[in-house]
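Thanks for making room for this on the agenda. I would like to walk through one structure, and I will keep to what can be read from its atoms.

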Amino acid sequence: MPDILWYTRTPNPTPLGLASQLGWFHDEFRADGIKIFTLEETPDPVLRQSRNDHHLPNSFRQGGNVPAIWARSQGAASRVVGLNWLDEYQGIVSLPGSGVLSPRDLRDRRIGLPLYSNRIESRRSEALHGFLVALEQAGLSLGQVEVVDVAVEPDGAEVTDAKLRHSQLRSSQTEYELLVQALRRGEVDAIYLKGDRGLQLTHEVGAQVVFDISRDPDPLVRAHNGTPRPITVHQSLIDEHPDLAARFLARILAVEQWAARHPDETLAYISRETGGEVPWVRRAYGQELHRRQGIDLAATSVRALETQKAFLLKWGFIQRDFSIGEWIEPDLLERARALSKGLAAVL
């Protein structure tokens, strides 16, 4: 039996993040003498890198699907054991007076895409996807706009330790602020913002929403780095300690019923996860946020993951193809679901 189980999540609304804040992982394994740590609690940079490449045995992750897909394409021994679907604000925005009022007005205009060094380009892929959706809606192509790279600071997308979370959230906010600054300086005509911070900035600067991808009726169009958010686990934990893996996952599954009964607490916890103010969190993720904390392997979510992988491959964000079907491990979810039924009665 391992002495330690590791996990990480991005600063976004995730059932894993809620289970962590509720202390459920420690509760589950305390009697076993198993310690629970986030990857950010280790000073070892090699271990910390597993936030992105998922090389560490006995580890779970939930967050954006781009790093998870990237890691798998690099040969990571990870398996998808659950998916959470939570739509969020995704806006293509411009400034009043720019003349960019609708997607068709993007023709021959400058669109800003965040540019990074030494990191997985999750945010850039989100922005590119958002613009492609908007352009397609207007019958335009990427070749009919000018792409402008906007240099932004890396955001260290996986920081979750309490002492490091503030700096990570601050960095993420700075990224959006740099995009907004480029917009206000007239260097670009439109940018992509998402989530509660993106929505707040949209309103703070008086930007106009040219197109909101989250309102598209097709879930596969709305899919992006944050939708769906996969839970991945290292293959070794499934092979060697499936009971522990199932118990860990069961605690995440139990969040669904707890959140449905505690809407205000759920909103407060998620506000802490994202670093956003409660009103903006509510507006960005919807009034039913507390009812969107479930985990499954629904066909639509799996198709969205396949769509995301194809998009990342087409646009060069990953270099190697792989099978989504072979990546998914459904048996662990079923085993965990049986365990979570007992938990729901006592939590």
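What follows goes through some strands, then some helices, and ends with two single residues. Please keep in mind throughout that this is a predicted model.

Let me begin with strand 5, which covers residues 90–94, and where all five of the five residues are buried, so the strand is largely enclosed by the rest of the structure. If we ask which way its side chains point, Gln90, Ile92 and Ser94 go to one side, while Gly91 and Val93 go to the other, and both sets are buried. That pattern is what one would look for, because in a regular strand the side chains alternate between the two faces of the sheet.

Which strands does strand 5 pair with? One is strand 8, residues 191–194, paired in the antiparallel sense over four bridges, and there Gln90 has Lys194 as its bridge partner. Another is strand 9, residues 208–212, which also runs antiparallel to strand 5 and is joined to it by four bridges; in that strand the bridge partner of Ile92 is Phe211.

Strand 2, residues 35–38, gives us another picture, since Ile36 and Thr38 point to one face and are buried, whereas Lys35 and Phe37 point to the other face and are not buried. Strand 2 pairs with strand 1, residues 4–9, in the parallel sense and over four bridges, with Leu5 standing opposite Ile36.

Turning to the helices, helix 11 runs over residues 242–253, and at 1.5 Å a residue its 12 residues should span 16 Å, which agrees with the 16 Å between its end C-alpha atoms. Helix 11 is also mostly covered, with 10 of its 12 residues buried, among them Arg247, Phe248 and Arg251.

Helix 5, residues 65–73, has eight of its nine residues buried, so this helix too is largely enclosed by the rest of the structure. The buried residues include Asn65, Val66, Ile69 and Arg72, and just after the helix we find Gly75 with a positive phi of about 100°.

How do helix 8 and helix 14 cross? The axes of helix 8, residues 195–204, and helix 14, residues 278–285, come within 8 Å and cross at roughly 105°, which makes the two helices roughly perpendicular, given that angles from 65 to 115 degrees are counted that way. In this contact Gly195, Asp196, Leu199, Gln200 and His203 of helix 8 meet Trp280, Val281, Arg283, Ala284 and Tyr285 of helix 14, and the residues involved divide into five nonpolar, three polar and two charged.

Finally, the two single residues, starting with Gln308, which lies in helix 15, residues 299–314. Is Gln308 buried or exposed? Its relative accessible area is 3%, and because the cut-off for buried is under 20%, Gln308 counts as buried. Leaving aside neighbours within four places in sequence, Gln308 is in contact with Asn65, Val66, Ile69, Ala223, His224 and Asn225, and the first three of these names we have already met among the buried residues of helix 5.

Arg104 sits in the loop between strand 5 and strand 6, the latter being residues 110–115, and with a relative accessible area of 62% Arg104 is exposed. Not counting residues up to four places away in sequence, Arg104 touches Ala138 and Leu140, and its C-alpha atom is 7.1 Å from that of Leu135, although the two residues are 31 apart in sequence.

Terms used. Residues are numbered from 1 along each chain as its sequence is written. This is a predicted model: local features need pLDDT of at least 70, side-chain atom pairs count only at pLDDT 80 or more; totals for chains, interfaces and linings use all residues. Side-chain values use heavy atoms; hydrogens and water are left out. The expected span of a helix is 1.5 Å times one less than its number of residues. Buried means under 20% relative accessible area, exposed over 50%, partly exposed in between (1.4 Å probe, protein chains only). Two strands pair if DSSP finds at least two bridges between them. Axes are lines fitted to C-alpha atoms, for helices over the stretch in contact, and angles run from 0 to 180 degrees between N-to-C directions. Angles under 35 degrees count as roughly parallel, over 145 as roughly antiparallel, 65 to 115 as roughly perpendicular and the rest as oblique. Contact means heavy atoms within 4.5 Å. Ala, Val, Leu, Ile, Met, Phe, Trp, Tyr, Cys and Pro count as nonpolar, Asp, Glu, Lys and Arg as charged, and the others, Gly among them, as polar.
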